[in-house]
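Trainee: Please take a close look at one part of this model. How do its two elements sit against each other?

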Amino acid sequence: MSLYLVFLLAVAKASRNTLQQKTEVDAGKPKLAGIIVKASWKTLPQNTKVDAKKESKLEVTIKLPRNVTIPGVIAFGDSIVDSGNNNNLRTILKCNFPPYGQDFQGKFATGRFTDGRVPSDFVAERLGIAKTIPAYLDPALKGKDLLKGINFASGGSGYDPLTAKIVRVVSLEDQLKYFQEYKEKIKAIVGEEKAKFMVENSLYLVLYNSTEYPDYLADMSSKFVKKLYGLGARRIAIFSAVPVGCLPSRRTLNGVKRKCSENLNKMALQFNAKLSPGLVALRKKSPGSKIVFVDVYDILHNMIENPKKYGFEVANRGCGTGLFEVLILCNKINPFTCKNASSHVFWDSYHPTEKAYQVIVDKLLGIYIPQLV
């Protein structure tokens, strides 16, 4: 468990009996947990526009059958795929400041919890859709930005709405509410028929990286996918838990030798073992669905155990000291911030680097896209 997740759980336990059930929201938004406010300091836009010439040079690696179209990529989850939704929420769980984003085009700290792009961005590029998928809560978002997909993920989110409320981020349940709002917006832009086509044919990514209660969370994950299917989604890729016991923050908490926590890794595998057959059963009961369990555990574990095989030098700590830095502890005044993130599997003590995400996406897309089309 990462340091900031330890913090979340501690606060959740202390506050469970005192949490107010009503959450203050903007008058013009649905009644959701995330509270949108003006940023307390000047920040750079999380979804910086890509130069048109560079946008046309997408690194497309997946060729779809002629009769198949994937018009957009739509992401749900936590900080692994958050592309800036937390930037304007009243929460400490944000990273729209240097050195985050040091390898993003223009060196912008976009609110992505890494040095550059996140998995949903790479998936979209490899499918020839776009270089980046914008955050839904970006105040600069225009109508046309919605037509290649959208990102609802919020760092610190989870299936338990209590934790999301306490730290004022968008729970997965509330991400679904935003999705319903999004559907109405694209309908107003392109009409009902085209909007329906986009909803049914886009690729949905669900990434949530926590395994404290594997059986419970596996059940909640299946219920989430069922709701998403009920809202019109058909191509749904649900990513497995990762070897959380080998995250740099977990190693640091595990003693001087900084070994992986085998107990946490077993919990991740238990979650995966419960989730995978559950999704198979759900697919059989959901006509027209392409619900697919994507195993990320093995590839990331292999990268951590054999980093040089994948072009990395360091896998047991993040870029810098990499022992505990995450969020506000990873900042531009930290003298240990490293310049070459691409030599590391992890960016901070919890999140992989852009290069690690790219390697994972490139390894898995060719395996799983045929099952999703």
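**The H5–H6 pair**

Mentor: H5 and H6 cross in a right-handed way (the near helix is turned clockwise from the far one by less than a right angle; anticlockwise would be left-handed). The model is predicted, so local features need pLDDT of at least 70, side-chain atom pairs need 80 or more, and totals for chains, interfaces and linings use all residues. Numbering starts at 1 along each chain as its sequence is written, and side-chain values use heavy atoms, without hydrogens or water.

H5 spans residues 172-190, and H6 spans residues 192-201. Their axes lie 7 Å apart, at an angle of about 135 degrees (lines fitted to C-alpha atoms over the stretch in contact; angles run from 0 to 180 degrees between N-to-C directions). The two helices are therefore oblique to each other (not under 35, not 65 to 115, not over 145 degrees).

Now the contact (heavy atoms within 4.5 Å). H5 brings Phe179, Tyr182, Lys183, Ile186, Lys187 and Val190. H6 answers with Glu192, Lys194, Ala195, Met198 and Val199. By class, that makes seven nonpolar residues, four charged and no polar (nonpolar: Ala, Val, Leu, Ile, Met, Phe, Trp, Tyr, Cys, Pro; charged: Asp, Glu, Lys, Arg; polar: the others, Gly among them).

Step back to the whole chain. It has 11 helices and seven strands (DSSP runs numbered from the N terminus: H or I, at least four residues; E, at least two). Of its 373 residues, 57% are buried (under 20% relative accessible area, with a 1.4 Å probe and protein chains only). Among contacts between residues at least 6 apart in sequence, 76% join residues at least 24 apart.

Technical notes:
Buried means under 20% relative accessible area, exposed over 50%, partly exposed in between (1.4 Å probe, protein chains only).
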